[in-house]
Amino acid sequence: MDFLRPENLLQFGYKDCLLCDVERKGEEKRCRRCSGKVGQRDRLLWEINRERIRRIAGKLSLIYPGLGHFYGGRILPGIFWASLIPLSLGLVLNVWQGPTLGHAFLLLAFGLIWFLARRDAARGYAERLAPCQAACPSGVDVPDYIALLREGRALESLALVHDRLPFAAFCGRACPHPCEQKCVRGEYGAPISIMSLKRRAADLGYAAGVIPSSELGDGVPGPKVAIIGAGPAGLSAANTLARLGSRVTVFDAQEEPGGMIRYSVADFRFPREALIADVRTVLARGVHFQGGKTFGRDLTFESLAADGFEAVLLAVGAGEAIRLPGAGGEDEGFYDALAFLARAKGGRPIHPRGRVVVIGGGNVAIDVARVAVRLGADDLTIACLESLETMPAFSWEVEEATAEGAKFLPGTAVKKFLVRDGRVAGFEALRVERIEFDAKGRIVPHTVSGSEFEVRADTVIMAIGSRAPLEFLPPQASRGTVDRALHVCRLLFGEKRSKIPAYMCGDCVRGPGTVVEASASGRRAALNIYGDLCVEEVRKARFADNYRRRTEPQENDRPEWRVRRNPPRLPPEQSRRTFEEVEKGFTADCAQHEADRCARCNLWL
Ligand SMILES: Cc1cc2nc3c(=O)[nH]c(=O)nc-3n(C[C@H](O)[C@H](O)[C@H](O)COP(=O)(O)OP(=O)(O)OC[C@H]3O[C@@H](n4cnc5c(N)ncnc54)[C@H](O)[C@@H]3O)c2cc1C
Ligand code: SF4
């Protein structure tokens, strides 16, 4: 049955490189210098090496334009940039009649050439991506996984999603799906239901019971890496490191892996079975999990180094709730959103009494409100600083909460909590005129003086954000940026060096974000760690990735393609009473229709 594993399935096609294999018979074209024997591990190694080459190429181009291009193997662009300086110099010297304003311009042009050449060298070979793929923080190959699904190759479709993102079940259900906002079909009717198609691939693929294996190197044990935090960032890093052949152990303070998506995201959006499928896929790659281990108490940098770990990655999330000043304890009727959600998920729900007010305007506030409604709150209000149009929660989430009975009190700032007889009675509020953000991105509300009014409440749940629990870091620790866009950094310990290289990624660097971002961050951190630990092996990785695909005949539009199919949902009057999943999966017919609408932009852009 080994051949049924997603990676191996692809080897039973005409070659084992996942990227090429998703091209269909008749349209395949090998990468230049591809031996036909490139596995997923080789591609990951090459991805690391490519980054390294790009970094060095950028630096070399500072010495002389074009040098970096030569180093990166891009000979023609190298000749172009290298020749620009002597050409323009020759031009100047030919017409030289003493310094003029024109020469000042020329100097400026020199500087511009240097700058553009460096930027181009550091960017490397420009791969053309479909807009949906370019918009995905994890860079999931959307057009190809849709094409595979269209052909009924769900397992390969899932394997292709897993290549960049191990949380196919989650992101098929609850991703903010920036890909759909950029889908070109949006200009011809409506965007493709990309997220629901990902769920279809996950549902069919996981139902087949096929789980991947790790790709160990040629018998040489890879580096031993410890990951702290089994949320999406930590698990994604573990997944990538295991695919590279590392021996990975993930430690978490909680007993079970999953992080926020296990302990906070409500069952009616992401059921337990789907979580288990995603997590099992990561652990099946040979990743060890140890629950109930808190870094800073049970583990330290020193103890991990003593246990033989060669690097440590902190992916501890942003799970420490921020509270409003003056808020009391749970016995007075004040709750934190994360604790409230965790209790509901853990089967020890808090049944909110009387009039419930949720404070906050983000997606967590919406989740809290929808859970509270299901737990019996029949008078529920969400109060936030922002207006309805500008609140950070996704518009579709706001609509769902409204349909299930939540009311909104936008443009409201808490001035002072009111407590009577040891219980919260509400708060004094001020109208918010406008909001601004300070240099650190923190929200600064401007309130209308004299606009005080009272909001009555018997239960207050605060969902105003959270921060990373990093009190275990030594005071001298600072952060060196590894990847700014994907929120990966390396910890620097000053003179008193740690015995073990340490990195950070995910929400604990970015602040509260999304699963697709946390996963991308974990993947990038893993590639960096492996690159730092196995320099020589990475240097040897070579794989010309400037493959091109043949185009296929394109049909721009068909009348039936203007109609988008959406998955069925429970009606709000039913959904507000149950924790059953609200949105269902696509039927085969709908999935086919949506997959047919995809224009496979990657073939013709
Ligand atoms: C209510 C809610 C709803 C959400 N809904 C969505 C959604 O619909 N779509 C979406 O994309 N995203 C959603 N998110 C965001 C998403 O869950 C997070 O962005 C993501 O989980 C962050 O991943 P992470 O691995 O960085 O951190 P986390 O998931 O927070 O994982 C961190 C892990 O580290 C562990 N840990 C912390 N400190 C220590 C320590 N000292 N020692 C050992 N272990 C430690 C924690 O126990 C935890 O398991 C939601 C978040 C919340 C709270
Ligand atoms: S039509 Fe298909 S390939 Fe093009 S942007 Fe939309 S999902 Fe992506």
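Start by selecting Gly 513 in this predicted model, and then display its contacts beyond the neighbours within four places in sequence, which are Asp 507 and Ala 518. Gly 513 sits in the loop between α20 (507–510) and α21, and it is buried because 20 other C-beta atoms lie within 10 Å, where 20 or more is the cut-off. Add Gly 317 to the selection: although the two glycines are 196 residues apart along the chain, their C-alpha atoms are separated by 9.5 Å.

Gly 317 leads on to ligand 1, since select this ligand and its shell and you will find Gly 317 listed among the closest residues, together with Gly 229, Gly 231, Gly 259 and Gly 506. The shell holds 39 residues in total, and the elements that contribute two or more of them are α13 (232–243), α14 (260–263), α17 (337–345), α18 (363–374) and α21 (515–533). Colouring the shell by class will show 22 nonpolar, 14 polar and three charged residues.

Move next to ligand 2, which is surrounded by 14 residues, the closest being Cys 132, Pro 143, Cys 183, Cys 598 and Cys 601. Here the elements that supply two or more residues are α7 and α8, and the class colouring gives 12 nonpolar, no polar and two charged residues.

Now select helix α8, residues 142–150. Is this helix enclosed or open? Eight of its nine residues are buried, so α8 is largely enclosed by the rest of the structure. The buried residues are Val 142, Pro 143, Asp 144, Tyr 145, Ile 146, Ala 147, Leu 148 and Leu 149, and to see what they pack against, show α7 (131–135), α9 (154–164), α11 (178–182), α12 and α24 (588–597). Following α8 comes Gly 152, whose phi is positive, near 80 degrees.

Finally, keep α8 on display and add α12 (residues 194–207), whose axis comes within 10 Å of that of α8 and crosses it at roughly 55 degrees. That angle makes α8 oblique to α12, and the crossing is left-handed. To see the contact itself, show the side chains of Val 142, Tyr 145, Ile 146 and Leu 149 in α8, which meet Ile 194, Leu 197, Arg 200 and Ala 201 in α12. The residues of this contact divide into seven nonpolar, no polar and one charged.

Conventions. Residues are numbered from 1 along each chain as its sequence is written. Chains are lettered from A and ligands numbered from 1 in the order in which they are written. This is a predicted model: local features need pLDDT of at least 70, side-chain atom pairs count only at pLDDT 80 or more; totals for chains, interfaces and linings use all residues. A residue is near a molecule or strand if its C-beta atom, placed from the backbone, lies within 6 Å of it. Helices (H or I, at least four residues) and strands (E, at least two) are DSSP runs, numbered from the N terminus. Ala, Val, Leu, Ile, Met, Phe, Trp, Tyr, Cys and Pro count as nonpolar, Asp, Glu, Lys and Arg as charged, and the others, Gly among them, as polar. Axes are lines fitted to C-alpha atoms, for helices over the stretch in contact, and angles run from 0 to 180 degrees between N-to-C directions. Angles under 35 degrees count as roughly parallel, over 145 as roughly antiparallel, 65 to 115 as roughly perpendicular and the rest as oblique. A crossing is left-handed if the near helix is turned anticlockwise from the far one by less than a right angle, and right-handed if clockwise. Two residues are in contact if their C-beta atoms, placed from the backbone, lie within 7 Å. A residue is buried if 20 or more other C-beta atoms lie within 10 Å of its own, exposed if 12 or fewer, and partly exposed in between; C-beta atoms are placed from the backbone.
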